[in-house]
Amino acid sequence: MYDSVNAPLVQHLQNAVRAKELYKRDRDYIVRDGEVLIVDEFTGRVLEGRRYSEGLHQAIEAKEGVRIKEENQTYATITLQNYFRLYDKLAGMTGTAKTEEAEFNHTYKLDVVEIPTNRPMIRIDHPEVIYRTEPAKLAAVVEEVTRRHSTGQPILIGTVSIEKSERVSGLLERRGIRHKVLNANHHELEARIIAQAGRLGAVTVATNMAGRGVDIMLGGNVEYLPAERSTAEVAAEHDQVVQLGGLYVLGTERYQSRRIDNQLRGRSGRQGDPGESRFFLSLEDDFMRRLSTQAMARLVSLFDHDILSDGAPITRRLMTRTIASLERWSESSNLRWRGRVFVYDEVMNEQREVVYRTRRAI
């Protein structure tokens, strides 16, 4: 295989293995109208026009049995950090920048200023409940949704991938709970679906932060409601939902970043409205699998195995603090990785500036 005459086959083999084992349908990409489309892991949105490079996209197309298109040729690359630094002025607004304050300062020399909320935030963030297995966790999620849905409280269920959202949707269907699913497979309905997640009795399943940029208003978002529905009816439904405790956000898995988790929580309790949030976790979650052996052993040591064998959750505060520290560890690991990429790109960036300076002069 590694003789010089077979050198091109090595890359084909590596791409074939990567496409088969590492890139999962309905998580990393979707297939729509005979085309492989990349899904953004942070937003759950389709990246229109984007293709994996160096033959990987073709390998995935072969795996999925769709038409194999020509490979994209990359003529120049730049890291996002250096791309953003090309701007004369750099600024932004987000409700979750505080957790990334150190990186903003180090990379862009930007300060992060926290602006107080317009009205007091009264959302209740419950401690995580953790199960030993994923099936036990999902069974508990369905029970929790069933219990709260019976009162009419609106529920937003956050998942980390299309595959997981479809799985939760299937379990809810079996229980007979009507719901809407928002992921990259239903991208064109994104705003309309998420805008009504605060209506009485609404159950919405969404990947990560799909639907960002649209406010979830208790009682419904007038902008996206049928014309025949009056403002008075919306106000009356708003008051009903408030009496029920507001929007209940249910996270089915932790992400590698507190920022993403905070964005999910932040869909509830806006503008002084009441709300609740809770994460349901298991030791079989993808986030847990990424932990080191020592970290996992520390986590398992906190469990009472007799209790866990019955599928009962652990809700100790100590467990919540442990999960938070593991998430910070994951963030710092990713930060170091981005930092190393940035340092290497700085060398290329100097060459880039010389080339572009010469080009402009010509």
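Me: What has to be found before two strands count as a pair?

Reply: Two strands pair if DSSP finds at least two bridges between them. Keep in mind that this is a predicted model. Here, strand S1 (residues 29–32) and strand S2 (residues 35–38) have four bridges and pair in the antiparallel sense. One partnership to look for is Val31 with Val36 in S2.

Me: And which residue takes a positive phi in the hairpin of S1 and S2?

Reply: Look at Asp33, whose phi is near 55°. The hairpin has two residues between its strands.

Me: Okay, let's zoom out. How many helices and strands does the protein have?

Reply: You'll count 13 helices and nine strands. The protein has 362 residues, and 43% of them are buried. As for contacts with a separation of 6 or more, 69% are between residues 24 or more positions apart.

Me: Is strand S7 enclosed or open, and how do I read that?

Reply: Go through the strand residue by residue and ask about burial; the cut-off is under 20% relative accessible area. In S7 (residues 203–207), five of the five residues are buried, so the strand is largely enclosed by the rest of the structure.

Me: Which way do the side chains of S7 point?

Reply: In a regular strand, side chains alternate between the two faces of the sheet. For S7, Val203, Val205 and Thr207 point one way, while Thr204 and Ala206 point the other way. All of these are buried.

Me: Which strands pair with S7?

Reply: Strand S5 (residues 155–159) runs parallel to S7, and five bridges join them. Strand S6 (residues 180–182) also pairs with S7 in the parallel sense, over three bridges. Find Val205 in S7: Ile157 stands opposite it, and Val205 is the bridge partner of Val181 too.

Me: How about helices? At what angle do H1 and H2 cross?

Reply: For helices, you compare the directions of their axes. The axes of helix H1 (residues 7–21) and helix H2 (residues 56–64) come within 9 Å and cross at roughly 60°. That angle makes H1 oblique to H2, and the crossing is right-handed. The contact is made by Asn15, Ala16, Arg18, Ala19 and Lys20 from H1, with Leu56, Ala59, Ile60 and Lys63 from H2.

Me: Now the inside. Which residues have the most contacts in the largest nonpolar core?

Reply: Pick out Leu156, Ile194, Ile216, Leu247 and Leu281. This core has 21 residues. Helix H7 (190–195), strand S8 (247–251), strand S9 (275–282), helix H10 (286–289) and helix H13 (317–361) each supply at least two of them. The largest share, three residues, comes from H7. Another core, of 17 residues, lies apart from it, and includes Ala140, Val142, Ile157 and Phe280.

Me: What does Leu281 contact beyond its neighbours in sequence?

Reply: Leaving aside residues within four places in sequence, Leu281 is in contact with Glu128, Val129, Ile130, Tyr131, Lys137, Glu253, Arg254, Met288 and Ile323.

Me: Glu253 is on that list. Is Glu253 buried or exposed?

Reply: Check its relative accessibility: at 6%, Glu253 counts as buried. You'll find Glu253 in the loop between S8 and helix H9 (258–265). Not counting residues up to four places away in sequence, Glu253 touches several others, including Lys137, Val160, Lys164, Phe280, Leu281 and Asp286. Asp286 is 33 residues from Glu253 along the chain, yet their C-alpha atoms are separated by 8.2 Å.

Note on methods. Residues numbered from 1 in each chain as written. Predicted model: local features only at pLDDT ≥ 70, side-chain atom pairs only at ≥ 80, totals over all residues. Heavy atoms only, no water. Core = buried A, V, L, I, M, F, W, Y, C linked by side-chain atoms within 4.5 Å. Buried < 20%, exposed > 50% of the residue type's maximum accessible area, 1.4 Å probe, protein only. Contact = heavy atoms within 4.5 Å. Axes fitted to C-alpha atoms, helices over the stretch in contact; angles between N-to-C directions. Parallel < 35°, antiparallel > 145°, perpendicular 65-115°, else oblique. Left-handed = near helix turned anticlockwise from the far one by under 90°.
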